[in-house]
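Dear colleague,

Please find below the structure that I would like to hand over to you. My findings follow directly after it.

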Amino acid sequence: MQAFEYKVVPAPAKGTKAKGVKTAEARFANSIDILLNEMAAEGWEYQRAELLPSEERSGLTGSTTNWRNVLIFRRALPAAAEDAQSTAVAQLAAQISSQIAAHATGPATSQHGNGADAITEDNSDAASATAAPPAATRPETATVPTLGPATTTAIAPPTAIAGDPEAPAGAIAVPGRGARAMMADDGVEELSPVSGVTAALKARATLAATPKDAAAKPAPKAEPKLTKAQEPSKDPAGG
């Protein structure tokens, strides 16, 4: 099979001046003509033109995508290079085939080896069993530990907070922490601001239960008692 090598070169971006070439299109075509002839002189055969994206750096950290026109050429490899390539491919194929054969024969060999090891282990176990003394003569196996009486412990049924949707079936409902606190202080915490309100309401209820006459009637004032030394004089002239 014929082998080829390829070469990609950027397409001309502007025209080249020449004798008798006056328009911009003709000058651009002249640039392409010169490039194709130079590549053909080196043995390169033109294949096609491509427009490909090129991601390039823009600024310090940015990047931008630019589209570039390129021309693709190819030429046949020499016979020596082709033979070297064919030889390398054949060597690679032979190496892969030998690795596959080695992997295929490896498990069988390991299985035979495992069988031999198993036979050796069985023989060693039989020899050790024959050489071992009877169990009755061993002092360490003469006494057999005995277990004490079986003890049964009552298992308490599971409990769950009342209203818990994830409670297990058959669980005993118990009040939660908040419910227990409310049951202990009749729904009012002594240290909370509600306790002061409750005391004020109690005082107001006690005041409302008192009769209005008793609340409105002032207490009688005690008149001071006069002694004989402080009795007033009956003489209007003060004598």
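The notes below describe the sheet, the helix that lies across it, the nonpolar core and the aromatic contacts. Please bear in mind that this is a predicted model.

The sheet is open and consists of three strands in the order 1-3-2, with antiparallel pairing. Its edges are formed by strand 1 (4–10) and strand 2 (45–58), each of which pairs on one side only. From one strand to the next, the twist averages 30°. As a general point, strands of a sheet pair through backbone hydrogen bonds, in either a parallel or an antiparallel manner.

Strand 2 and strand 3 (residues 62–76) run antiparallel and are joined by 13 bridges. Within this pairing, Glu 50 has Val 70 of strand 3 as its bridge partner, and Glu 56 stands opposite Thr 64, also in strand 3. The hairpin made by these two strands has three residues between them, and Gly 59 adopts a positive phi near 75° there.

Helix 1 (residues 24–41) lies across strand 1, strand 2 and strand 3, and runs at about 155° to strand 1.

Turning to the interior, the largest nonpolar core comprises six residues: Val 9, Leu 35, Met 39, Trp 44, Leu 71 and Phe 73. Helix 1 and strand 3 are the elements that contribute two or more residues to this core. In soluble globular proteins, nonpolar side chains tend to be buried together. Leu 71 deserves a separate entry: leaving aside residues up to four places away in sequence, Leu 71 touches Lys 7, Val 8, Val 9, Ala 11, Pro 12, Leu 35, Tyr 46, Arg 48 and Ala 49.

How many aromatic pairs does the count give? The count comes to one aromatic pair. The ring centres of Tyr 46 and Phe 73 are 5.6 Å apart and the ring planes stand at 65°, so the pair is edge-to-face, the cut-off for that class being over 60 degrees. Because Tyr 46 lies in strand 2 and Phe 73 in strand 3, the pair ties together parts that are 27 residues apart in sequence.

Are these two residues buried or exposed? Tyr 46 has a relative accessibility of 37% and therefore counts as partly exposed. Phe 73, with a relative accessible area of 1%, is buried, since the limit for that class is under 20%.

Finally, one charged side chain sits over a ring: Arg 74 lies over the face of Phe 4, at 3.9 Å from the ring centre.

With kind regards

Notes
Residues numbered from 1 in each chain as written. Predicted model: local features only at pLDDT ≥ 70, side-chain atom pairs only at ≥ 80, totals over all residues. Heavy atoms only, no water. Pairing = 2+ DSSP bridges. Helix = DSSP H or I, 4+ residues; strand = E, 2+ residues; numbered from the N terminus. Axes fitted to C-alpha atoms, helices over the stretch in contact; angles between N-to-C directions. Contact = heavy atoms within 4.5 Å. Core = buried A, V, L, I, M, F, W, Y, C linked by side-chain atoms within 4.5 Å. Buried < 20%, exposed > 50% of the residue type's maximum accessible area, 1.4 Å probe, protein only. Phe/Tyr/Trp six-rings, centres within 6.5 Å; stacked < 30°, edge-to-face > 60°. Lys NZ or Arg CZ within 6 Å of the ring centre and 35° of its normal.
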